[in-house]
Amino acid sequence: MSFPQRRLRRLRRSPALRRLVAETSLSPDDLVAPLFVREGITEPQPVLSLPGVVQHTTDSLVEEVKALAGVGVPAVILFGVPQIKDDIGSQAWSADGVMQVALRALRDSVGADVVVMADLCVDEYTSHGHCGILATDGSVDNDATLEIYAKAAIAQASAGADIIAPSGMMDGQVAAIRSALDETGHGVTAILAYSAKYASSLYGPFREAVDVTIQSGDRKGYQQDWRNSREALAEVMLDVEEGADMVMVKPAMTYLDVVCRVRAAVDVSLGAYHVSGEYAMIRAAAERGWIDGESVALEQITAVKRAGADFVLTYFAKGLARSMQ
Ligand code: PBG
């Protein structure tokens, strides 16, 4: 009988030993909580496909951000749900738009205690549900869309966003936003680019959260094909050249290889978005008693860090941070 030479189990004998040799650690500092704020409601509205997630009023949003700060979460990312949608998404840059009102409320209440990121896209604001302005053939007109992204970025920065996070996957969006911000005196406002954002089927519950129905077609003409990873590097490189301060891969679990490749290729801060469908799958299986939801959440979010992300956007942010107190 031959015995193994190297005994890896020696370092797994006790929790303290395992802690000592752990290669990855997750802390509340690594988490960003996605939050929804909806215009025209007086009470928070639950999102059925995202148990535990609500559409906030401005007031309940402020309370939630304070609660997140209380458990050590350093950042939130906001999505606005407007009452009025039109074909160009004009509420996305109106000074009275739901996002801008919420940003001002947060600036006045939590100030510098929490990093406030504003998702910048127009799908929540357009009647057709696409992330930009439609051309006559029904496709999204890239360059016409850049003009409205620039306006939305200025509106968000003026209302107090610390970080602008463009998620529409238009070519040149980071450069357009960077120059719009610089030309209007918002040189300190940072950009988190959703650089490698895939045309994923895991965004379903999110679309319920923001009341978006894509009237015709899908997002495959602008979001990335999930068969590709080299292309993700091209997206990231361009965004960094265009001035992105931070980049993101989205979704997370299905794209850990991409997270790993991006980490090796660039030195900017890297985030990954554990999206609505990823959250919903865990919650649904846990509700049936098929998995232990909290452990699976901890395992998955830690795995995203292990793959190379510096921070993770996740609907589990508050729960995870609380459990780490
Ligand atoms: C687009 C946007 C989407 C998400 C974040 N920003 C949806 C989409 O591209 O269709 C999805 C986030 C999630 O699923 O949690 N504004």
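In this predicted model, the largest nonpolar core takes in 109 residues, and the members that touch the most others are Phe-36, Leu-78, Tyr-149 and Val-262. Helix H4 (residues 142-158) makes the largest contribution to this core, with seven residues. Leu-78 shows what such a spot looks like from the inside: once neighbours within four places in sequence are set aside, Leu-78 is in contact with Leu-35, Leu-61, Met-99, Ala-102, Leu-103, Leu-106, Val-116, Met-117, Ala-118 and Asp-119.

His-56, in strand E3, also touches Leu-35 and Leu-61, along with Phe-36, Val-37, Arg-38, Ile-41 and Glu-64, again not counting residues up to four places away in sequence. With a relative accessible area of 7%, His-56 falls under the 20% cut-off and so counts as buried. Its C-alpha atom sits 8.2 Å from that of Ile-41, a residue 15 places away along the chain.

Now for the aromatics. Searching the whole structure turns up nine aromatic pairs. One of them joins Phe-79 and Phe-206, with ring centres 5.0 Å apart and planes at 80°, so this pair is edge-to-face. It bridges distant parts of the chain, since Phe-79 belongs to strand E4 (residues 75-81) and Phe-206 to helix H6 (residues 204-209), 127 residues apart. Phe-79 and Phe-206 are both buried. Tyr-194 and Tyr-273 make a tilted pair, at 6.3 Å centre to centre and 45° between the planes. Here strand E7 (residues 190-197) provides Tyr-194 and strand E9 (residues 269-274) provides Tyr-273, so the pair ties together parts 79 residues apart in sequence. Both tyrosines, Tyr-194 and Tyr-273, are buried. Ring pairs also build a cluster out of Phe-36, Phe-79, Tyr-194, Phe-206, Tyr-273, Tyr-279, Tyr-315 and Phe-316.

Some of those rings turn up again at the largest pocket, which holds about 540 Å³ of space. Its lining counts 26 residues, and those closest to the pocket centre are Tyr-279, Arg-283, Tyr-315, Phe-316 and Gly-319. Several elements share the job: strand E1 (31-38), strand E3 (54-56), helix H2 (58-70), helix H9 (276-287), helix H10 (293-307) and helix H11 (317-323) each bring at least two lining residues. H11 gives the most, with five. Sorted by class, the lining comes out as 17 nonpolar, five polar and four charged residues.

The second largest pocket has about 320 Å³ of space. Lining it are Arg-6, Arg-7, Leu-8, Leu-11, Arg-12, Arg-18, Val-21, Ala-22, Glu-23, Thr-24 and Arg-306. By class, that makes six charged, four nonpolar and one polar residue. Thr-24 from this lining is also one of the contacts of Thr-302, the other being Leu-26, with neighbours within four places in sequence left aside. Thr-302 lies in helix H10 and, at 21% relative accessibility, counts as partly exposed. Thr-302 and Ser-27 are 275 residues apart in sequence, yet their C-alpha atoms are 9.4 Å apart in space.

As for enclosed space, the structure contains one cavity of 30 Å³ or more. The largest cavity has a volume of about 110 Å³. Of its 15 lining residues, Asp-123, Ser-167, Lys-197, Phe-206 and Lys-250 are the closest to the centre. Phe-206 thus appears both here and in the edge-to-face pair with Phe-79. E7 and H6 each supply at least two residues of the cavity lining. The class breakdown of that lining is seven charged, six nonpolar and two polar residues.

Finally, helix H5 (residues 173-183) has Gln-173, Val-174, Ala-176, Ile-177, Arg-178, Ala-180 and Leu-181 as its buried residues. These pack against strand E5 (115-120), H4, strand E6 (163-166), E7 and helix H7 (230-242). The partners thus include H4, the helix with the largest share of the core, and E7, one of the elements lining the cavity. After H5 comes Gly-185, which has a positive phi, near 80°.

Note on methods:
Residues are numbered from 1 along each chain as its sequence is written. This is a predicted model: local features need pLDDT of at least 70, side-chain atom pairs count only at pLDDT 80 or more; totals for chains, interfaces and linings use all residues. Side-chain values use heavy atoms; hydrogens and water are left out. On a 1 Å grid over the protein atoms alone, a cavity is a set of points where a 1.4 Å probe fits but cannot get out, and a pocket is an open set with protein on both sides within 12 Å along at least five of seven lines; lining residues have an atom within 4 Å of a point. Grid points are joined across faces, edges and corners, and a volume is the space filled by probe spheres set on the points. Helices (H or I, at least four residues) and strands (E, at least two) are DSSP runs, numbered from the N terminus. Ala, Val, Leu, Ile, Met, Phe, Trp, Tyr, Cys and Pro count as nonpolar, Asp, Glu, Lys and Arg as charged, and the others, Gly among them, as polar. A nonpolar core is a set of buried Ala, Val, Leu, Ile, Met, Phe, Trp, Tyr and Cys residues joined through side-chain atoms within 4.5 Å. Buried means under 20% relative accessible area, exposed over 50%, partly exposed in between (1.4 Å probe, protein chains only). Contact means heavy atoms within 4.5 Å. Rings of Phe, Tyr and Trp (its six-membered ring) pair if their centres lie within 6.5 Å; planes under 30 degrees apart count as stacked, over 60 as edge-to-face and the rest as tilted.
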